[in-house]
Amino acid sequence: MSICAERVAFSKAISEGEKNFECLLVLGGKENLIYTSPCGYCRQFISEFCDKNFKIYIYYEDGKIIEKTLEELLPDNFELK
Ligand SMILES: [Zn+2]
C-alpha cells in the first residue's frame, strides 16, 4: 500500500504543529475530476485526529461536491479505550 494525498496532507500539517482541522476536500482524477472517496486506511487515520462529525467534502460529478461526516464514512472506527 502506498500513501494517499489525505495522509500526506495530515502528516505534514501535524508535523508542523497543526492540531485542529476544519474539513477535508477530496478531488480525484488525472485529467478530469472523478469521484474519489478516501480509502479505508485514510478514514481510520483521520479518525485518530478528528472527531466523528469532521466534514469531508468529496467531488461527485458535474461540478457537484457532496458532504459526508467521518462517521458516515467510517461508522465503527478502531479506538483505543
Ligand atoms: Zn487513502
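In this predicted model, the buried residues of helix 2 are Cys-42, Arg-43, Gln-44, Phe-45, Ile-46 and Ser-47. These make up six of the eight residues of the helix, so helix 2 is largely enclosed by the rest of the structure. The packing partners of its buried residues are helix 1, strand 1 and helix 3, the last of these spanning residues 70-73.

Phe-45 offers a convenient way into this region. The residue lies in helix 2 and counts as buried because its relative accessibility, 18%, falls under the 20% limit. Once residues up to four places away in sequence are set aside, Phe-45 touches Arg-7, Phe-10 and Ser-11. Two of these partners, Arg-7 and Phe-10, return below in connection with aromatic rings. Phe-21, by contrast, is 24 residues from Phe-45 along the chain, and the C-alpha atoms of the two are separated by 13 Å.

Helix 2 also brings us to the metal site. The zinc ion has three protein donors, namely the SG atoms of Cys-4, Cys-39 and Cys-42, at 2.2 to 2.3 Å. Along the chain, these donors follow the spacing C-x34-C-x2-C. Two of the cysteines can be compared by their exposure: Cys-42 is buried, with a relative accessible area of 0%, whereas Cys-39 is partly exposed at 23%. Cys-39 falls into that class because its value lies between the 20% and 50% limits.

The aromatic side chains come next. A pair of aromatic rings is described by the distance of the centres and the angle of the planes. The count of aromatic pairs in the model comes to four. One of them joins Phe-10 and Phe-21, whose ring centres are 4.6 Å apart and whose planes meet at 50°, a tilted arrangement. This pair links distant parts of the chain: Phe-10 belongs to helix 1 (residues 5-15), while Phe-21, eleven residues away, sits in the loop between helix 1 and strand 1 (23-26). Phe-10 is buried, with a relative accessible area of 4%, and Phe-21 is partly exposed, with 21%. Another tilted pair is formed by Phe-45 and Phe-49, with 5.3 Å from centre to centre and 45° between the planes. Here too the classes differ, because Phe-45 is buried at 18% and Phe-49 is partly exposed at 37%.

Beyond the pairs, Phe-10, Phe-21 and Phe-54 form one aromatic cluster. A charged group also meets a ring in this model: the charged end of Arg-7 sits over the ring of Tyr-41, at 3.9 Å from the ring centre. Arg-7 is thus found over Tyr-41 and is also among the residues that Phe-45 touches.

Two loop residues round out the local picture. Leu-33 lies in the loop between strand 1 and helix 2, the helix covering residues 40-47. With a relative accessible area of 45%, Leu-33 is partly exposed. Leaving aside neighbours within four places in sequence, its contacts are Leu-27, Gly-28 and Tyr-59. Ala-9 is 24 residues from Leu-33 in sequence, and the C-alpha to C-alpha distance between them is 19 Å. The other loop residue, Asp-62, is found between strand 2 (55-59) and strand 3 (65-69). Asp-62 has a positive phi of about 50°, although it is not a glycine. Asp-62 counts as exposed because its relative accessibility of 68% is over the 50% limit.

At the level of the whole chain, the secondary structure comes to three helices and three strands, arranged along the sequence in the pattern α-β-α-β-β-α. The radius of gyration is 13 Å, which agrees with the value near 12 Å that a compact globule of 81 residues would have. Along the principal axes, the C-alpha atoms fill a box of roughly 40 × 25 × 25 Å. Of the 81 residues, 27% count as buried. The protein exposes about 6000 Å², and carbon and sulfur atoms supply 51% of that area. Finally, among contacts between residues at least 6 apart in sequence, 51% join residues at least 24 apart.

Key: Residues are numbered from 1 along each chain as its sequence is written. This is a predicted model: local features need pLDDT of at least 70, side-chain atom pairs count only at pLDDT 80 or more; totals for chains, interfaces and linings use all residues. Side-chain values use heavy atoms; hydrogens and water are left out. Donors are N, O and S atoms within 2.8 Å of the metal (3.2 Å for Na, K and Ca); water is not among the atoms, so sites may look incomplete. Buried means under 20% relative accessible area, exposed over 50%, partly exposed in between (1.4 Å probe, protein chains only). Rings of Phe, Tyr and Trp (its six-membered ring) pair if their centres lie within 6.5 Å; planes under 30 degrees apart count as stacked, over 60 as edge-to-face and the rest as tilted. Helices (H or I, at least four residues) and strands (E, at least two) are DSSP runs, numbered from the N terminus. A charge sits over a ring if NZ of Lys or CZ of Arg is within 6 Å of the ring centre and within 35 degrees of the ring normal. The radius of gyration is taken over C-alpha atoms; the globule rule is 2.2 Å times the number of residues to the power 0.38. Contact means heavy atoms within 4.5 Å. Accessible areas come from the Shrake-Rupley method with a 1.4 Å probe; for residues, only the protein chains shown count as cover.
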